[in-house]
Amino acid sequence: MEDLSVISNSSAEYIEGLYLQYKQDNNSVDKDWQRFFTGFDLAVQYSDNGQLTLNSSNVDVSPKEFKVLKLIQAYRDKGHLISDTNPIKKRKDRNAGLELHNFGLTEADLDTEFYAGEALQLGKVSLKTIIETLRKIYCRTIGWEYNYIIDKEELAWMREQIEVGYIAYEHPIDKKKRILEKLNESEVYERFLGTKFLGQKRFSLEGGESTIPALDALINVAANLHVEEVVIGMAHRGRLNVLVNILDKTYDEIFSEFEGSTPGKSLFSGTGDVKYHLGYSSQYETMDKKEVYVKLLPNPSHLEAINPVVQGYCRAKADAIYNSDYDKILPITIHGDSAVAGQGIVYEVLQMEKLKGYTVGGTIHYVINNQIGFTTDFDDARSSNYSTSIAATVQAPVFHVNGDDVEAVTYVAELAAEYRQKFNKDVFIDMVCYRRHGHNEGDDPAYTQPQMYKIIKDKVGVRDLYNQKLNKWNMADLDLSKELEKDFWKELQESLDEHKKQKSEYTLQTTDVAWNKLRTATQKDFESSPETKITKTNLVKIIKALVKVPEGFHPLRKIQKMLDDRRALMKENSTVDWAAAELFAYGSILLDGSDVRMSGEDVKRGTFSHRHAMLYDENTGEEYNRLNFIDDKQGLFRIFNSHLSEYGVLGFEYGYAMPSPDVLTIWEAQFGDFSNGAQIIIDQFIAAAETKWNRQNGIVLLLPHGYEGAGPEHSSARLERFLQLCGELNMIITNISSPANFFHLLRRQLAFPFRKPLINMSPKSLLRHPKCVDDIEKIYKGKFQELIDDDNIDAATKVKKVLFCSGKVYYDLLERKETENRTDVAIVRVEQLYPVPFTQWDAIIKKYKNAKIAWVQEEPINMGAYSFLLLNYPKSASFEVIARAQAASSATGYNKIHLEEQKQLVDKAFS
């Protein structure tokens, strides 16, 4: 069907064609055209040559009809540019071009009646009435930006809500009272904190208080549309207000945090961060007495970094609790205007909206648009018209709304909830407001925005504005403001004095119960790894599933050969390579009843064509997930190729692992150092969350690493950066050289009675190295080895030199040792670098007490693990160090130089 938007470029012949199409089938054209042609019908006839002409015996049809239609369409497209959405400034002239002369119309036409009014369901009315109606719809305190939506059903629904629903809507009395109560809580709470904790940072919501009744309205509507859980991610502005007035965090907890202490840990709060970074969890009772789980996730000062984490968290909860029904769980991300425009992560996350591996059924984005960054005006903060202009990239509608009109704000909040539930798409609310104080209450904003803050200084607050409106509307029975303020202030004061308000009852979800079964790790836990072997019976089950393809499925010939070769390797040599050991680990975890989720660029095949977790039919392209057909009672193996994103995708996977301790969640980088694009997630969440927020997380990062002449960006996963972040047993850092050990490492993640992020330096060339294989017995007999001793040493006392190393360089050293038949050199592999396996290190050094000891690494001496060992393992100070020379870049880009460097490295080790 054709949309009315084409009229701006339409010829008369084109419109006539639409009319003929309409005559044959009314439903073949857009509803706007249907309405127009209904009134237009009586006024046209066909001439002898078949051309459309005016029917003089009926009503005259002016050629200006189409000009009026263009005017209507222009208001739909651009009315938001002149809408009354700014409570403190005159709107900047965005050249909307809605004046009459732009359409070939004049004031003389205002009293003329036009059939074009049918497009607004007005019938034939005067141009003046049409314009007045358009301005009521598109130019009051809501600016509607939606006309770029392509889907006809979605566009028609949205237009109906705006042009019919909005213009006629009136909040009922009970909602008005609820709005006033929420406004009162929002404003009085901020003033109370400002009075009692003078000078302390709180990132107040003052100027944007309409956020609280908006969130309340949104949750109420969502609950009536099948939402059972709401997950919120937001930065600092208004966070304390949301914690108290939406999540019901106790005054006791908030006031204790202001006083520099904490009354104790709760499900979503920790003790190691400032109060406006913490999260919380509660159950929210709606106006209709429905219980909704509401969670505010903790996040750092890196503003929009929480966005992908919220997405992953919701996806995990949907998979774990709601049978992947995204209508049951609603993500809300609350942004600042400067951040949503300036942070690229917003775009990365938007592009996840409909991706199979990352969709969460749509997100509601709520922008607290206070028109200023720290001290930066919006003219310096973006080039686009709006901070939300990025929404158009995924055809997400944007509701720009004046924050001083609290009923308009709550209206768009309710509409956003309806839209998300109906179309499972993202939607933006751009609440234009102001920031009454400086960025953190401790600075003077008048230094940089004197004119703006002169206006704000005398600005009446939104609660008082709403109270005035209620009185003006003769609703004096709702004038409860003073009484509400007095009662709420008294409650706050009593809570401050006595710390008496208790947290509302919270019923644990199954994911909460799973976390409660775990504990905090200790150094002793890393002295010896738990058992991770599997039965031979289960191994056979897994192997059969991996080598079998369904009847009628035709894998590529290369893949069939790979399956045959792997089958032969295991059957004839009783050995396993890296890819087989990895898939065995996933299969065994699935047989234990747990799920595995893996994502990253090209992970289905594997960047180096080793994994082939998914097989493809060469004739149909159909996928076959081998690991999902091991046993009827197994867990699910979910694997997704990601879009070209590191920051967003790693944030998503971290979020997925947050509520899911019994799921092995893995992100693999295409090349190891590509993780530097996700450094914020690594630094602020993965490395620090347990200390800051009391939140364990078992995410696994696989980072391809090893010097093979591929250049600076394809050699080093920057091991030294991860090691530098280690402390307080916060992460596990490994550089594995053995397929069987990798198998046990992955299984150990879920075997531990706690959860830690695992960062593994994964191999590239070792995926096909003939020496990088293990006896298959190690799969069903062994367990993880933090250090692997040299098993070709007959007498330790005869060893003159011990080479400690980690990862791929072991095989370079091994080749030289075997070539020279050196029995006086032992090569010991350090598989786990952190937590430092002190017991195992000491045992090896004691064993080879007569030998000199060297640490060998491929990385330059200012990189890699050496400096970390010096700091964390005192005995390493006496080691000889064999490494590349100091360098600014991680590796050479010239293969000839690389080979020479590698030879010198090995020569020195055996000199």
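# Notebook: loops, strands and one buried serine

I began with Asn95, which is exposed, with a relative accessible area of 62%. I note at the outset that the model is predicted. Asn95 belongs to the loop that runs between α3 (65-78) and β3 (113-114). Its phi is near 55°, a positive value in a residue other than glycine. I recorded this because most residues other than glycine have a negative phi.

**Entry: a second asparagine.** I then looked up Asn424, which lies in the loop between α14 (406-423) and β12 (427-432). Asn424 is not a glycine, yet its phi is positive, at about 50°. Is Asn424 buried or partly exposed? Its relative accessibility is 27%, so it counts as partly exposed; the partly exposed class lies between the limits of 20% and 50%.

**Entry: a cis peptide bond.** I examined the bond between Tyr834 and Pro835 and found it to be cis, with omega at about -5°. Most peptide bonds are trans. I placed Pro835 in the loop between β26 (832-834) and α29 (838-847).

**Entry: strand β8 and its neighbours.** Next I turned to strand β8, residues 291-296. Five of its six residues are buried, so the strand is largely enclosed by the rest of the structure. Which strands pair with β8? Strand β6 (residues 229-234) runs parallel to β8 and is joined to it by four bridges. Strand β7 (residues 280-285) pairs with β8 in the antiparallel sense, over six bridges. I followed Val294 of β8 in both pairings: it is the bridge partner of Val230, and it is also the bridge partner of Ser282. The strands β7 and β8 form a hairpin, with five residues between them. Within that turn, Lys289 has a positive phi of about 65°.

**Entry: Ser599.** I located Ser599 in strand β14, residues 595-600. Ser599 has a relative accessible area of 0% and is therefore buried, the limit for that class being under 20%. Which side chains make polar contacts with the side chain of Ser599? One is the side chain of Tyr358, at 3.2 Å. Another is the side chain of Glu653, at 2.6 Å. Leaving aside residues up to four places away in sequence, I listed what Ser599 touches: Tyr358, Phe640, Val649, Glu653, Ile666, Trp667 and Glu668.

**Entry: a five-stranded sheet.** I traced an open sheet of five strands, in the order β23-β25-β24-β27-β28, with mixed pairing. Its edge strands are β23 (787-788) and β28 (880-884), each of which pairs on one side only. Strand β27 (residues 852-860) pairs with β28 in the parallel sense, over four bridges. In that pairing, Val856 has Ile882 of β28 as its bridge partner. I also looked for what lies across these strands. Helix α31 (residues 895-910) lies across β24 (801-805), β25 (825-830), β27 and β28. This helix runs at about 170° to β28.

**Entry: cysteines.** Finally I asked how many disulfides a search of the whole structure finds. The result is zero. A disulfide is a covalent bond between the sulfur atoms of two cysteines. I checked the accessibility of two cysteines. Cys314 has 1% relative accessibility and so counts as buried. Cys805, at 0% relative accessibility, counts as buried.

Methods
Residues numbered from 1 in each chain as written. Predicted model: local features only at pLDDT ≥ 70, side-chain atom pairs only at ≥ 80, totals over all residues. Heavy atoms only, no water. Disulfide = S-S within 2.5 Å. Buried < 20%, exposed > 50% of the residue type's maximum accessible area, 1.4 Å probe, protein only. Helix = DSSP H or I, 4+ residues; strand = E, 2+ residues; numbered from the N terminus. Pairing = 2+ DSSP bridges. Polar contact = N/O pair within 3.5 Å; in protein donor to acceptor, adjacent residues only side chain to side chain. Contact = heavy atoms within 4.5 Å. Axes fitted to C-alpha atoms, helices over the stretch in contact; angles between N-to-C directions.
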